[in-house]
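Student: I'm new to this structure and would like to go through it piece by piece. Could you show it to me first?

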Amino acid sequence: MDTAGSSTTASMAIAAHYDRLFETHHMSATGVEWPSDAIHHAVFDGLLRDVRLHRALSVLDVGCGYGALIGYLESRGCAPRRYLGVEVSRLALAAAQDRWPANCRFLLGDFSREDFEVEADFDLAVCAGALVHFVDPDGLHIATMIDKMLQASPCVVFNVISDADADAGYADPPVSGEPYVLGIPQLERVLDRLSGKWPTLQWHTHCAQTWPRSTDVFVRLTR
Ligand SMILES: C[S@@+](CC[C@H](N)C(=O)[O-])C[C@H]1O[C@@H](n2cnc3c(N)ncnc32)[C@H](O)[C@@H]1O
């Protein structure tokens, strides 16, 4: 799978978009484009609904923003033992580095690139809202992101926008210029293809209307 060329262009647009948002809204839900604190919280609730959280977790957070997931886990009494956040926005990443304890590490870069490597021994990989910016026609970008998370952890959770009002702007967005919406049949084709590489891959999904005028699918994968 090689999407490095196109994903680089898209990820530069995404980084510029999030840098601009962060400059205006700083460390807040709106600073990472969630409409409110309540929705930000609901996204983490949805992602982690069926994950057994405990105090010794090691977590990879793909598209970590300013690391709000750490605060969420702390609020549930499960501050991660080890945490690595990956982020393309310099400003969000710099804020995260200042904000969180030393056992939380952060890397700047585009996780979708084949040459962007992370260690492979996390209990859990989380991707909250970073698979919703760029859906290429074959789903290759998303397949690459998911495959890389599976390499890093036997348990992966993420969300995608599965459906949206036609006029809500998700199908013709300004950030990457590519549609954001990944319908459930397309998502299943991506996961089917990945099960060629990960033969014991299992997935569970549930839907929620977390974002205005769109439906998110929360996906949990185990391999
Ligand atoms: C909706 S925001 C959510 C941030 C964070 N996960 C949270 O919920 O607080 C999505 C984040 O993913 C980052 N992102 C998107 N694509 C990425 C990629 N390919 N590699 C690294 N970060 C990415 C964006 O820069 C943005 O900060």
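Student: Is H206 buried or exposed?
Tutor: Keep in mind that what we have here is a predicted model. H206 sits in strand β6. Buried means under 20% relative accessible area. H206 comes out at 17%, so it counts as buried.

Student: How far apart are the C-alpha atoms of H206 and M27?
Tutor: Along the chain, H206 and M27 are 179 residues apart. In space, their C-alpha atoms are separated by 28 Å.

Student: And P212 and P35, what separates their C-alpha atoms?
Tutor: P212 is in the loop between β6 (202-208) and β7 (214-222). It's partly exposed, with a relative accessible area of 42%. P212 and P35 are 177 residues apart along the chain, yet the gap between their C-alpha atoms is 8.4 Å.

Student: Which residue lies 8.5 Å from Q151, C-alpha to C-alpha?
Tutor: Start with Q151 itself, which is found in helix α5 and is partly exposed at 37% relative accessible area. Its partner is 30 residues away in sequence, and that partner is D121.

Student: Just past that helix there's S153. Which residue's backbone oxygen does its side chain reach?
Tutor: S153 belongs to the loop between α5 (140-152) and β5 (155-164). Its relative accessibility is 0%, so it counts as buried. The S153 side chain gets to within 3.0 Å of a backbone oxygen, the one of F122.

Student: What about S112: which side chain does it share a polar contact with?
Tutor: You'll find S112 in the loop between β3 (104-108) and β4 (124-127). With 1% relative accessibility, it counts as buried. A polar contact of 2.7 Å links its side chain to that of D110.

Student: Does D110 come up again around the ligand, or put better, which residues are closest to the ligand?
Tutor: The ligand has 20 residues around it. D110 is one of the closest, and an N or O atom in its side chain is 2.8 Å from a nitrogen atom of the ligand. The full list of closest residues is W34, H40, G63, E87 and D110.

Student: How far is a ligand oxygen atom from the side chain of E87?
Tutor: Look for an N or O atom in the E87 side chain, paired with an oxygen atom of the ligand. For G63 the pairing is with the backbone instead: a polar backbone atom there is 2.7 Å from a nitrogen atom of the ligand. For E87, the distance is 2.5 Å.

Student: Now the pockets. How much space lies in the second largest pocket?
Tutor: Rolling a probe the size of a water molecule over the atoms shows where empty space is left. For the second largest pocket, that space comes to about 170 Å³.

Student: Which element gives the most to its lining?
Tutor: Two elements give two or more residues to the lining of the second largest pocket, α2 (37-48) and α3 (68-75). The lining has 13 residues, with H40, F44, Y66, A68 and Y72 nearest the centre. With four residues, the biggest giver is α2.

Student: How many residues of that lining are nonpolar?
Tutor: The lining of the second largest pocket is a mix. Four of its residues are polar and two are charged. The nonpolar ones number seven.

Student: What is the phi of H26 near?
Tutor: Most residues other than glycine have a negative phi. H26 goes the other way, with a positive value. It lies in the loop between α1 (4-25) and α2, and at 47% relative accessibility it counts as partly exposed. Its phi is near 55°.

Student: And what is the phi of E33?
Tutor: E33 is also in the loop between α1 and α2. Its relative accessibility of 24% makes it partly exposed. Although E33 is not a glycine, its phi is positive, at about 70°.

Student: Last one: which domain does UniProt annotate for residues 59-141?
Tutor: The span is 24% helix and 23% strand, and its end C-alpha atoms lie 22 Å apart. The label comes from an unreviewed UniProt entry, which gives the domain as Methyltransferase.

Key:
Residues are numbered from 1 along each chain as its sequence is written. This is a predicted model: local features need pLDDT of at least 70, side-chain atom pairs count only at pLDDT 80 or more; totals for chains, interfaces and linings use all residues. Side-chain values use heavy atoms; hydrogens and water are left out. Buried means under 20% relative accessible area, exposed over 50%, partly exposed in between (1.4 Å probe, protein chains only). A polar contact is a pair of N or O atoms within 3.5 Å; within protein, one must be able to donate a hydrogen and the other to accept it, and residues adjacent in sequence count only if both atoms are side-chain atoms. UniProt positions are given in the numbering used here, feature names are shortened, and annotations may be inferred rather than shown by experiment. On a 1 Å grid over the protein atoms alone, a cavity is a set of points where a 1.4 Å probe fits but cannot get out, and a pocket is an open set with protein on both sides within 12 Å along at least five of seven lines; lining residues have an atom within 4 Å of a point. Grid points are joined across faces, edges and corners, and a volume is the space filled by probe spheres set on the points. Ala, Val, Leu, Ile, Met, Phe, Trp, Tyr, Cys and Pro count as nonpolar, Asp, Glu, Lys and Arg as charged, and the others, Gly among them, as polar. A residue is near a molecule or strand if one of its heavy atoms lies within 4 Å of it.
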